[in-house]
Amino acid sequence: MAAQTTLPPASADTPPDRPAIPARRARGEHHEVRLFSGLGQLALAVWAVIVIVPILWTFLAAFKNTGEIFSSPWTLPAELRWENFGRAWTKAHVGRYFLNSVFVVSCSTFGTMLLGSMAAYVLARYKFRGNRAIYYLFVSGLAFPVFLALVPLFFVVRNLGLLDTHTGVILVYIAYSLPFTIFFLAAFFRTLPNSVAEAGMIDGCSHTRLFFQVMLPMAKPGLISVAIFNIIGQWAQYQLPLVLLSNAKDKWVLTQGIADISVNAGYEADWSGLFAALTIAILPMILVYAIFQRQIQSGLTSGAVK
Amino acid sequence: MRHGKYPFVIGFLFAPVTLYVVFVIAPYAQAFQISMTNWRGLSAPQWVGFDNYRRLLDDGRFWQAVQHHGVLLLALPLITIAIALFFAFLLNVGGRSVGGQRQGVRGAKFYRVVFFFPQVLAVAIIAVLFQMVYRPNESGLINGVLMKIGLDPVLFLIRPNLALWSIIAVLVWQAVGFYVVLFSAGMASIPGEIYEAAEMDGASKVMLFFRVTLPLLWDTLQVAWVYLGIAAFDAFAIVAVLSVDSGGPDGATTVLAVEIYRNAFVYSKYGYASAMGVALFFLTLTFAALTLRLTKRESVEY
C-alpha cells in the first residue's frame, strides 16, 4: 500500500502500455485491496460498536437499580425491574410527554403538509401577479436562524393568547416548516405533466378538485419525503417548546420532558428512572426506523440531493 | 384565462401566507427593531440606537461564544466529512469488483442502517444519553471502564478545555450516518466505467478515492459543508442540555443560541438578546456567502 501511495501523481496519466509497471502493480494491487478492506472492515465495525453500545447500555441500565448502576455499569441487570418503567411513565410523566409529542407532531405535520402543498401547488402551477414575490418570501425563510426571531416570536404568541397552549406550538411549527416544504414541493409540482391537469379541466373538474383528487395523488412520493422530514424535525424540536410552553408542565413535549427529568434525576438520585425514561423515548424510534428505514433515509437526505 | 382562477389562488394562499407572515416574517422584522431598544418587557421600550451592539463588543461571553462557533465551524464539518467520506467510500467502492460492477465491503447494508440511526433521535434526547455516557464517576459508560482497570476518571464535561470537544464528539456521533448516506447517493451516480478506466491505468484504491471520487463528489461535499456549518451556528439543544450549567463550565462551551436564550428568558434583557440574534444572523449569512464563494469551481460533467 505504501508503495502505491508514494507513486508520483503523474503516473495516473501514463499510458498502460509499458509492460514493467502493470506487472508489478498487479501483485501490489491484490495485497493492497486486502489490507485496505481489512482496515476498512475494522473501522466500520468499531464505528458500529460506538453507535450501538451507548444505546444498548441505556436499555440495560433501565432494568437496574441505582446501586447496580454504580457498582456494575457494564454487567447485565440482576433482575428485570419493570417497575422502573412504571415509575418513569407515571411519576416522571414520560407517558404524558410522549402523548403530547404524538398529538402536537400529528397535528403540525398534517397542517404543514396541507398548507404547504396548497401553497406550493398554486405557486408552482399558476401564473399571477406577485407569484414570484410570495415564493421568494417563503424560500428566504430557509436562510434565517430561528434564534433571530425567538424574542419577538414569544411576544407574538403571548399577545395572541396562545402561550402555553398546544395550538400555539402547532401553529408555530407549521409556520417554520413552510419554507422547506414549499421549496421542495413547488419543485416537485413543476415536474408533473400538464396533460393530466388539462384533461381534468376539460372534464369539468374544479381547481380544488383537480388539486385534491388528481395532483396530490400524483405527488405522493414527494409528499412522503417531505412528511418524514417534517415529522422527524418537529419531533426533535427542543428550543421552540422550551420557550412557548415553559409554564405549562402538563403540556410539555418529550424532548423538554426528558431534559427536565435528567436535571431532577440528580436531585432525587433516581438514575434508573432516567434510564427507563430514555429507553421509552428511544425504543419507539428504533421500531419506526426499522419499519420505514428506506423512506426515512431518502426523506431526510432528499433536501440535499440534487 | 381559466374560469375562477383568482378566488382559487387566493383561497389556497390565504392560510399559509397569513400564518407565515404572523409567526415568521413579523418576528424577524421586529428582531432588528427590538435590538435597538433597551426593552426589558415591563415598561415601554426606549430607543437606544446601537448601544446594545456596542455592549456586545465588550461582552466576554459573547466573544467566547463566537470563538466556539469558530471551532465548531472548522472541527464539525472537517471531522464529520472525513469520517463519512471514508465510510461511504468503503461501503460503495471499497470491495472488489464483480463482473465489472463496483461492490462495497461485506455488510455494507447493515452498516448503513446502523450508522444512520442516531439521525432519527432528537438532539435533546441524545444529549441526555451522553450525560450518562460521560458521567464523571463509576456510573458513567466510559469512566466505569476506566476506573475498573484502575485509571483515573476523565472529567469530560467538567474540564474546561475538554468540554467543548466532548460536545463536538457527540455531534459527530450523530451526524456521520447522515453524511454516509448522502455521500453514498452521490457516489452511486458516478458511472462505474470511470473507476474501471482508472483501475486499468493502474490507479490504487487510495488514488481512486482522491482522483476520481473526491472531484466528482465536489457538489455534494459543498452541500454537506453548508449543512454542517449551519448546524455549527445552532447547537442550542446539545449545549443547553449536555454541558454543565448550559454552556459551562464558566462559559467554556457556550454558543450564541444559549446566550440569546439566557439573556431573553432568564434575565429578561430582550433588547440585548435581540442584538445577539442579529449578530448571529449576520455571522450565518457571512458563512454561507463565503462558503459558496470559496468552494465555487468548475463542476465536472459526467
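**Exercise 1. In which loop of chain B is A235(B) found? Then work out whether A235(B) is buried or exposed.**

Solution. A quick reminder before we start: this is a predicted model.

- Step 1: place the residue. A235(B) sits in the loop between α10 (218-234) and α11 (236-242) of chain B.
- Step 2: check the backbone. The phi of A235(B) is positive, about 55°, although the residue is not a glycine. Most residues other than glycine have a negative phi.
- Step 3: count neighbours. The cut-off for buried is 20 or more other C-beta atoms within 10 Å. A235(B) has 24 of them, so it is buried.

**Exercise 2. Run the same check on D250(B): where does it lie, and what does its count of C-beta neighbours make it?**

Solution.

- Step 1: D250(B) is in the loop between α11 and α12 (256-265) of chain B.
- Step 2: its phi is positive too, about 50°, and D250(B) is not a glycine.
- Step 3: a residue is exposed at 12 or fewer neighbours, buried at 20 or more, and partly exposed in between. D250(B) has 13 C-beta neighbours inside 10 Å, so it counts as partly exposed.

**Exercise 3. Describe the surroundings of V180(B), starting from its helix.**

Solution.

- Step 1: V180(B) belongs to helix α7 (residues 160-188) of chain B.
- Step 2: with 28 other C-beta atoms within 10 Å, V180(B) is buried.
- Step 3: leave out residues up to four places away in sequence, and V180(B) touches A84(B), F87(B), A88(B), L91(B), R112(B) and F115(B).
- Step 4: for a sense of distance, take M36(B), 144 residues away along the chain; its C-alpha atom is separated from that of V180(B) by 44 Å.

**Exercise 4. Compare the span of helix α8 (residues 166-191) of chain A with the expected value, and look for a bend.**

Solution.

- Step 1: α8(A) has 26 residues, for which 38 Å is expected at 1.5 Å a residue.
- Step 2: from first C-alpha to last, α8(A) reaches 36 Å, close to that value.
- Step 3: there is a bend of about 45° at L178(A), with a proline, P179(A), following within four residues.
- Step 4: as for cover, 19 of the 26 residues of α8(A) are buried, which leaves the helix mostly covered.
- Step 5: bring in the record. The unreviewed UniProt entry annotates residues 169-189 of chain A, among others, as "transmembrane region". In the model that span is 100% helix and 0% strand, with its end C-alpha atoms 29 Å apart.

**Exercise 5. Why does the span of helix α13 (residues 254-268) of chain A agree with what is expected, and what covers its buried residues?**

Solution.

- Step 1: α13(A) has 15 residues, which should span 21 Å at 1.5 Å a residue; the end C-alpha atoms are 20 Å apart, so the two agree.
- Step 2: the buried residues in α13(A) include L254(A), G257(A), I258(A), I261(A) and A265(A).
- Step 3: their cover includes α5 (94-125), α12 (239-244) and α14 (271-301) of chain A, along with α5 (123-133) and α11 of chain B. So both chains contribute to it.
- Step 4: after α13(A) comes A269(A), with a positive phi near 55°.

**Exercise 6. How many residues does each chain give to the contact between chains A and B?**

Solution.

- Step 1: chain B puts in 85 residues and chain A 79.
- Step 2: on the side of chain B that touches chain A, helix α1 (residues 5-34) of chain B gives the most, with 19 residues.
- Step 3: by class, that side of chain B holds 63 nonpolar, 13 polar and nine charged residues.
- Step 4: now the record for chain B. The "transmembrane region" annotation in the unreviewed UniProt entry includes residues 7-29 of chain B. That span is 100% helix and 0% strand, and its end C-alpha atoms are 29 Å apart.

**Exercise 7. Sum up the fold of chain A: how many helices and strands are there?**

Solution.

- Step 1: chain A has 14 helices and zero strands.
- Step 2: of its 306 residues, 41% are buried.
- Step 3: take the contacts in chain A between residues at least 6 apart in sequence; 75% of them join residues at least 24 apart.
- Step 4: the domain assignment splits chain A into domain 1 (2-9 + 18-61) and domain 2 (90-301). Their contact takes four residues from domain 1 and five residues from domain 2.

Terms used. Residues are numbered from 1 along each chain as its sequence is written. Chains are lettered from A and ligands numbered from 1 in the order in which they are written. This is a predicted model: local features need pLDDT of at least 70, side-chain atom pairs count only at pLDDT 80 or more; totals for chains, interfaces and linings use all residues. UniProt positions are given in the numbering used here, feature names are shortened, and annotations may be inferred rather than shown by experiment. Helices (H or I, at least four residues) and strands (E, at least two) are DSSP runs, numbered from the N terminus. The expected span of a helix is 1.5 Å times one less than its number of residues. The bend at a residue is the angle between axes fitted to the seven residues ending there and the seven starting there. Two residues are in contact if their C-beta atoms, placed from the backbone, lie within 7 Å. Ala, Val, Leu, Ile, Met, Phe, Trp, Tyr, Cys and Pro count as nonpolar, Asp, Glu, Lys and Arg as charged, and the others, Gly among them, as polar. Domain bounds come from an automatic or database domain assignment.
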